[in-house]
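Biologist: I would like a close look at a single part of this model, taken slowly and with the reasoning spelled out. Please begin from the sequence and structure shown here.

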Amino acid sequence: MEKDTALVGHVMSSHAASNMECSLYCARDKSCQSYNYFKEQHICELNNETSLNNAKRLVPSMAVEYYEKI
């Protein structure tokens with residue numbers, strides 16, 4: 001997990017969800033590689049890439065947590 005960062009430019013879908021629900025959405029989606037979770041808004045963004053392949057796209061963003069699929 002990366003606090004106060006988000007991967008931009010690779011969002012496949014967005015959902016109103018808790019952090020736990022967000023992780024489940026990503027686990028169930030074969031094309032999901034990572035997700036951004038907006039803590040205050042309870043918004044989940046599923047990404048089709050990771051920061052390993054796109055380090056320049058991992059940007060500072062307050063109140064967002066970035067997670068990669070295990």
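Biologist: In which sense do E3 and E5 pair, and over how many bridges? Please build the rest of your account around E3.

Modeller: This is a predicted model, and in it E3 and E5 pair in the antiparallel sense over 5 bridges. Within that pairing, phenylalanine 38 stands opposite valine 64 of E5. E3 also pairs with E4, again in the antiparallel sense and over 5 bridges, and here tyrosine 35 has leucine 46 of E4 as its bridge partner. The connection between E3 and E4 is a hairpin with 4 residues between the two strands, and histidine 42, which sits in the turn, has a positive phi of about 55 degrees.

The surroundings of E3 can be read from its side chains. Ser34, Asn36 and Phe38 point one way from the strand, while Tyr35 and Tyr37 point the other way, and all of them are buried. Because 5 of the 5 residues of E3 are buried, the strand is largely enclosed by the rest of the structure.

Tyrosine 35 deserves a further word, since a search of the whole structure finds 1 aromatic pair, and tyrosine 35 forms it with tyrosine 67. A pair of aromatic rings is described by the distance of the centres and the angle of the planes. For tyrosine 35 and tyrosine 67 the centres are 4.8 Å apart and the planes lie at 20 degrees, so the pair counts as stacked, the cut-off being under 30 degrees. Tyrosine 35 belongs to strand E3 and tyrosine 67 to strand E5, so this pair ties together parts that are 32 residues apart in sequence. Both tyrosine 35 and tyrosine 67 are buried.

A charged contact involves the loop that follows E3. A search of the whole structure finds 1 salt bridge, which joins glutamate 65 to lysine 39, with the closest N and O atoms 3.9 Å apart. Glutamate 65 lies in strand E5 (residues 58–68), whereas lysine 39 lies in the loop between strand E3 (34–38) and strand E4 (43–47), so the salt bridge ties together parts that are 26 residues apart in sequence. The two partners differ in exposure: glutamate 65 is buried, with a relative accessible area of 10%, whereas lysine 39 is partly exposed at 32%.

Taken together, E3 pairs with E4 and with E5, and a stacked aromatic pair links E3 to E5, while the salt bridge joins E5 to the loop between E3 and E4.

Conventions:
Residues numbered from 1 in each chain as written. Predicted model: local features only at pLDDT ≥ 70, side-chain atom pairs only at ≥ 80, totals over all residues. Heavy atoms only, no water. Salt bridge = Lys/Arg side-chain N within 4 Å of Asp/Glu carboxyl O. Buried < 20%, exposed > 50% of the residue type's maximum accessible area, 1.4 Å probe, protein only. Pairing = 2+ DSSP bridges. Phe/Tyr/Trp six-rings, centres within 6.5 Å; stacked < 30°, edge-to-face > 60°.
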